Amino acid sequence: MSWSSALPAIISVNPIPLIITVFACTFIELLSNLTLWRAVKNTSQESNLTDGAAVLKLEIAKTNYPDKFVENAKLQRQLIKVEKELDRIRSSKSGSRQKVVKVFKWIRIIVYGTLIMVYWATTAIKFSPSFVAPMKTLTSLPFQGSSPGAISVAGVVLLFWLGCKGRLSS
């Protein structure tokens with residue numbers, strides 16, 4: 001007898017470890033990306049400098065005539081100062097971004113590794129053998145739960161980590 005008439009291939013589901021695992025993985029990824037976003041978003045000082053550089057570029061374009069050479073040179077020197085300040089701010093943000101990436105890389109390794117060790121042999125979802133027949137070798141890898149056709153909670157963590165790694169992680 002199948003677990004669900006809508007999903008006849010699923011024989012059983014172990015909800016508590018599966019929910020804990022998905023919640024923990026989602027929480028870590030959201031926290032990681034929120035922190036990374038805060039580390040790289042523009043500060044008000046950076047926004048002001050960017051706006052000031054745009055205004056200076058417009059003024060330089062307006063004064064690009066031989067009779068306004070002195071005014072143009074002053075504006076170009078101001079623009080160089082503003083761009084140097086922007087480069088300084090952006091390089092410091094780059095360093096903080098790299099620190100955030102390193103910290104959350106280790107947090108992911110610790111949390112995901114702990115979940116994998118704790119739930120290694122706990123079956124999360126068991127599929128009917130006929131459903132997984134073409135992929136028997138895949139389901140017998142570390143993703144396997146207690147029997148053929150089962151995916152362990154550790155397998156769910158590994159699939160989550162591999163699935164999110166390219167899209168959400170840096």
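**Helix α1 and its antiparallel partner α3**

Helices α1 and α3 run roughly antiparallel to each other, because angles over 145 degrees are counted that way and the axes of these two helices cross at roughly 175°, coming within 9 Å. The model in which this pair is seen is a predicted one. Two packed helices are described by the angle between their axes and the distance between the axes, and with both values in hand the residues that make up the contact can be considered next.

On the α1 side, the contact is made by T21, A24, C25, I28, E29, L31, S32, T35, L36, A39 and V40. Facing them in α3 are K93, S96, R97, V100, V101, F104, I107, R108, V111, Y112 and L115. When the residues of this contact are sorted by character, 14 are nonpolar, while four are polar and four are charged.

Helix α1 itself covers residues 15–40, and its length can be checked against its residue count. With 1.5 Å allowed for each residue, a span of 38 Å is expected for its 26 residues, and the distance of 37 Å between the C-alpha atoms at its ends agrees with that expectation. The residues of α1 that are buried are P17, L18, T21, A24, C25, I28, E29, S32, L36 and A39. Several names recur when this list is set beside the contact with α3: T21, A24, C25 and I28, for example, are buried and also belong to the α1 side of that contact.

E29 deserves a separate look, since this residue of helix α1 is a charged member of the contact. Its relative accessible area is 3%, and E29 is therefore buried, the limit for that class being under 20%. The C-alpha atom of E29 is separated by 8.9 Å from that of F104, although their positions lie 75 residues apart along the chain; F104 is itself one of the α3 residues that take part in the contact.

What, then, is found among the aromatic rings? There is one aromatic pair, formed by F23 and F27, whose ring centres are 6.2 Å apart and whose planes differ by 20°, so that the pair counts as stacked, the limit being under 30 degrees. These two residues are four apart in helix α1, and therefore about one helical turn separates them. F23 has a relative accessibility of 58% and is accordingly exposed, whereas F27, at 44%, is partly exposed. Neither phenylalanine appears among the buried residues of α1.

Other links join residues that are separated in sequence. P15, placed in helix α1, is partly exposed at 42% relative accessibility, and its C-alpha atom is 9.8 Å from that of T123, a residue 108 positions away in sequence. Within helix α3, which covers residues 69–118, two further positions can be followed. Q78 lies in this helix and is partly exposed, with a relative accessible area of 42%; its C-alpha atom is 7.7 Å from that of L56, the two residues being 22 apart along the chain. G113, also in helix α3, is partly exposed as well, with a relative accessible area of 22%, and from C-alpha to C-alpha it is 8.8 Å from V157, which is 44 residues away in sequence.

These details can be placed in the setting of the whole protein. Its secondary structure consists of six helices and three strands, and along the sequence these elements follow the pattern β-α-α-α-β-α-α-β-α. Of its 170 residues, 32% are counted as buried. Among the contacts between residues at least 6 apart in sequence, 73% join residues that are at least 24 apart.

Conventions: Residues are numbered from 1 along each chain as its sequence is written. This is a predicted model: local features need pLDDT of at least 70, side-chain atom pairs count only at pLDDT 80 or more; totals for chains, interfaces and linings use all residues. Side-chain values use heavy atoms; hydrogens and water are left out. Rings of Phe, Tyr and Trp (its six-membered ring) pair if their centres lie within 6.5 Å; planes under 30 degrees apart count as stacked, over 60 as edge-to-face and the rest as tilted. Buried means under 20% relative accessible area, exposed over 50%, partly exposed in between (1.4 Å probe, protein chains only). Axes are lines fitted to C-alpha atoms, for helices over the stretch in contact, and angles run from 0 to 180 degrees between N-to-C directions. Angles under 35 degrees count as roughly parallel, over 145 as roughly antiparallel, 65 to 115 as roughly perpendicular and the rest as oblique. Contact means heavy atoms within 4.5 Å. The expected span of a helix is 1.5 Å times one less than its number of residues.
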